[in-house]
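Work through the following exercises with the sequence and the model at hand. Each task is followed by its solution in steps.

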Amino acid sequence: MNINSYPLVSVIIAFYNHNQFIKKTLDSIIEDSYPNKEIVIINDGSTDPNDSNITQWIKDHKNLIKINYIKRENKGLTKTLNELVKISRGKYLLPCASDDYFINNTIAKRVELLEQVEPKNKLILISDNIVVDNNDTLLFESNLFEFRRTNIEKLSSDDGLKYSIINQWSFAGPSWIANRKLFDEHNLYFDENLLVEDWDFFLRIIAKNYALFYNEKVSAYRWEVNKSYSNDSAVKRIQN
């Protein structure tokens with residue numbers, strides 16, 4: 001099958017002070033067998049100037065996958081995510097924090113589900129992940145059902161997803177993939193006035209019934225006490 005018959009997937013990464021983790025993130029993208037993908041990374045004004053693991057990885061893999069790496073001043077997470085969406089080229093957008101990584105070779109299946117889903121208004125697929133520490137030691141087999149104790153039955157319908165996201169916000173890490181129509185046609189960009197982007201983003205999505213749940217662990221979410229894009233660090237770095 002020709003590579004161009006697969007929709008392009010853009011893996012978008014907001015990088016901030018994660019040189020020690022980013023190689024595993026990038027390795028996990030190329031290890032997934034989905035054939036048509038690109039990587040877009042924005043270094044959001046990291047206070048640690050060391051990005052050697054990105055630059056070396058690009059040198060080693062530039063002939064295997066298209067990579068767009070941008071370094072600029074700090075603008076904050078929501079502005080960075082919106083910029084990543086706008087400069088990426090893929091039909092599908094797959095975000096990943098610069099300390100998390102993908103598992104279980106799921107990109108092809110997730111794209112297939114979004115390509116074939118009925119009704120056609122389902123534009124974002126949300127999934128589960130495992131939880132690891134800074135040393136990649138497994139902390140929880142499931143972020144949703146073990147760590148956050150989400151009721152799986154709540155995720156199988158539009159009303160259940162609404163209840164879960166409003167009352168039990170449990171999704172974390174690189175757990176979703178979206179059709180770019182969500183942004184280009186429905187203008188559901190991240191609110192740049194907010195410090196924490198994800199809950200508001202998903203509240204607007206479920207209000208339109210755009211979301212669908214896929215019960216698979218698609219990534220590893222790194223649980224850090226001092227996670228770079230935590231609320232406290234965002235408060236320090238946000239720019240008006």
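**Exercise 1.** Identify the residue of β8 that is the bridge partner of Tyr-92, and describe how β4 and β8 run.

Solution. This is a predicted model. Start at Tyr-92: its bridge partner in β8 is Asn-179. Next, place the second strand, since β8 covers residues 176–179. Then count the bridges: two of them join β4 to β8, and the strands run antiparallel.

**Exercise 2.** Determine the sense in which β1 and β4 pair, and find the partner of Ala-14 in β4.

Solution. Strand β1 comprises residues 9–15. Six bridges connect β1 with β4, and the pairing is parallel. Within this pairing, take Ala-14: its bridge partner in β4 is Ala-97.

**Exercise 3.** Decide whether β4 is largely enclosed by the rest of the structure or not.

Solution. Strand β4 spans residues 92–97, which gives six residues to examine. A residue is buried if its relative accessible area is under 20%. Five of the six residues in β4 are buried, so the strand is largely enclosed by the rest of the structure.

**Exercise 4.** Classify Lys-162 as buried, partly exposed or exposed, and list the residues that Lys-162 touches beyond four places away in sequence.

Solution. First locate the residue: Lys-162 lies in helix α6, residues 158–167. The classes are separated at 20% and 50% relative accessible area. With a value of 24%, Lys-162 is partly exposed. Leaving out residues up to four places away in sequence, Lys-162 touches Ile-206 and Asn-209. As for Asn-151, its C-alpha lies 13 Å from that of Lys-162, with the two positions 11 residues apart in sequence numbering.

**Exercise 5.** Judge from the radius of gyration whether the protein chain is as compact as a globular protein of its length.

Solution. Begin with the secondary structure, which consists of nine helices and nine strands. The radius of gyration is 17 Å, while the globule rule gives 18 Å for 240 residues; the two are close, so the chain is as compact as a globular protein of that length. For the extents, the C-alpha trace spans about 45 × 45 × 35 Å along its principal axes.

**Exercise 6.** State what share of the residues is buried, and what share of the contacts with a separation of 6 or more is between residues 24 or more positions apart.

Solution. Of the 240 residues, 52% are buried. Among contacts with a separation of 6 or more, 77% are between residues 24 or more positions apart. Turning to the surface, the accessible area is about 11300 Å², and carbon and sulfur atoms contribute 47% of that.

Terms used: Residues are numbered from 1 along each chain as its sequence is written. This is a predicted model: local features need pLDDT of at least 70, side-chain atom pairs count only at pLDDT 80 or more; totals for chains, interfaces and linings use all residues. Side-chain values use heavy atoms; hydrogens and water are left out. Helices (H or I, at least four residues) and strands (E, at least two) are DSSP runs, numbered from the N terminus. The radius of gyration is taken over C-alpha atoms; the globule rule is 2.2 Å times the number of residues to the power 0.38. Buried means under 20% relative accessible area, exposed over 50%, partly exposed in between (1.4 Å probe, protein chains only). Contact means heavy atoms within 4.5 Å. Accessible areas come from the Shrake-Rupley method with a 1.4 Å probe; for residues, only the protein chains shown count as cover. Two strands pair if DSSP finds at least two bridges between them.
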